[in-house]
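Welcome, and thank you for looking at this structure. Please take a moment with the sequence and the 3D view before reading on.

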Amino acid sequence: MTAMLLDTFGRAATDMRVSLTDKCNLRCTYCMPAEGLPWLPAPELLTDDEIVRLVTVAASMGVTTVRLTGGEPLIRPGLPGLVERLASLVELSLTTNGLGLTKLAQPLADAGLRRVNVSLDTLRPERFLSLTRRDRFDDVIAGLAAATAAGLSPVKVNTVLMRGVNDDEAGDLLAWCLDHGYELRFIEQMPLDPQHGWDRSTMVAADEILEMLSGRHELTPCERGTAPAEVWLVDGGPARVGVVGSVTRPFCGTCDRIRLTADGQLRTCLFAREESDLRAPLRAGATDAELAVRMQVAVRGKKAGHGIDDPDFLQPDRPMSAIGG
Ligand code: SAM
Ligand code: SF4
């Protein structure tokens, strides 16, 4: 290993989120406008070879886990081939809206993918339609079942609760996930929407989610590692539920993550306002050592925290779907 990716607060980057595309086949209201976004032009997207090269360099400096995301990663053509190449370098997981998993879960598992997180914010098909602007509820449910059948484990479900939209479903979602053997993760809504509609005062906070769940279940806290989610055993376990309290219970002090956007920009935080261009040097013929130095310099600039509570906080210019959620 050449050197670790260390920041000035002593944190080492060992986990990388890699966005495979900014495009998506859903239009979740909190993530994208109905008409979509100005998509990245194809020549700006990293090719499979370029992604493999950058992950190889990152792995040589201690990145051991990679989560593929987007946009919707399953719409990237030839995904099983890319997964096979990356799985020989790092431990690989993927976050998806679940559309297409019925076809892809088995090829991806065969290619070396270990785990999936499938996003699902409601169990009501008509609510799914208004939340995602697409009538695809049944496909997501079938995709989840396909993930289990393919041996991807654990299968996690990501849910963003929004007040007056789906916050009445917290208990039902947990009961349903327990029934189906999925591990549920609630994610606090973050100020990353292109519409700039996020409002802290109406956000459904981690404390409130826990209160809703503990009315129906006994929750026992598990030891917290560096993962974003705080996790509880449900009714003594082994089933578990997690809450990612990025806003009200920030975990920046132990953050081990960096992000690579689909157009080859390295970001040290979801909320960073700076990016380091890796694509330009890569395409200009930089050596692995030169790319490694560029990554190290970027990581050294990582801030102590996301600063959402700072009075001068500014939402990043790119929305979640373009950064890679
Ligand atoms: N399309 C895939 C999916 O939906 O899982 C991967 C990308 S998506 C941006 C990743 C996760 O981010 C999803 O679970 C989604 O619900 C979540 N997300 C999107 N916008 C968010 C926001 N403003 N705050 C919190 N989570 C958000
Ligand atoms: Fe697409 Fe995921 Fe954003 Fe929904 S949350 S619009 S599925 S990228």
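How many nonpolar, polar and charged residues does the lining of the second largest pocket have? By class, that lining has six nonpolar, five polar and three charged residues. Here Ala, Val, Leu, Ile, Met, Phe, Trp, Tyr, Cys and Pro count as nonpolar, Asp, Glu, Lys and Arg as charged, and the others, Gly among them, as polar.

A word on the model comes first. It is predicted, so local features need pLDDT of at least 70 and side-chain atom pairs count only at pLDDT 80 or more, while totals for chains, interfaces and linings use all residues. Residues are numbered from 1 along each chain as its sequence is written, chains are lettered from A and ligands numbered from 1 in the order in which they are written, and side-chain values use heavy atoms, with hydrogens and water left out.

**Pocket and cavity**

The second largest pocket has a volume of about 190 Å³. Of its 14 lining residues, Met-162, Gln-189, Gly-197, Trp-198 and Thr-202 are the closest to its centre. The structure also holds one cavity of 30 Å³ or more. Among the residues lining the largest cavity are Asp-7, Arg-11, Cys-255 and Lys-302, and by class this lining has four nonpolar, no polar and five charged residues.

Both terms rest on a 1 Å grid over the protein atoms alone: a cavity is a set of points where a 1.4 Å probe fits but cannot get out, a pocket is an open set with protein on both sides within 12 Å along at least five of seven lines, and lining residues have an atom within 4 Å of a point. Grid points are joined across faces, edges and corners, and a volume is the space filled by probe spheres set on the points.

**The two ligands**

Ligand 1 is surrounded by 17 residues, where being near means having a heavy atom within 4 Å. Its shell has five nonpolar, 10 polar and two charged residues. Three of its polar contacts (pairs of N or O atoms within 3.5 Å) are set out here.

| Ligand 1 atom | Protein partner | Distance |
|---|---|---|
| oxygen | Tyr-30, side-chain N or O atom | 2.9 Å |
| nitrogen | Gly-71, polar backbone atom | 3.0 Å |
| nitrogen | Glu-72, side-chain N or O atom | 3.1 Å |

Taken alone, ligand 1 exposes 540 Å², and the protein buries 95% of that; the areas come from the Shrake-Rupley method with a 1.4 Å probe. Strands β3 (91-96) and β5 (155-160) each supply at least two residues of the shell around ligand 1.

Around ligand 2 stand Cys-24, Leu-26, Cys-28, Cys-31, Gly-71 and Asn-97. This shell has four nonpolar, two polar and no charged residues.

**The sheet**

An open sheet of 12 strands runs in the order β7-β8-β9-β6-β5-β4-β3-β2-β1-β10-β11-β12, with mixed pairing. Strands are DSSP runs of E with at least two residues, helices are runs of H or I with at least four, and both are numbered from the N terminus; two strands pair if DSSP finds at least two bridges between them. The edge strands β7 (219-221) and β12 (276-277) each pair on one side only. β5 pairs with β6 (residues 183-187) in the parallel sense over five bridges, and Asn-158 stands opposite Arg-185 in β6.

**Backbone details**

Most residues other than glycine have a negative phi, and most peptide bonds are trans. The bond from Ser-153 to Pro-154 is cis, with omega near -5°, and Pro-154 sits in the loop between α5 (137-149) and β5. Arg-133 has a positive phi, near 60°.

Notes:
Polar contact = N/O pair within 3.5 Å; in protein donor to acceptor, adjacent residues only side chain to side chain.
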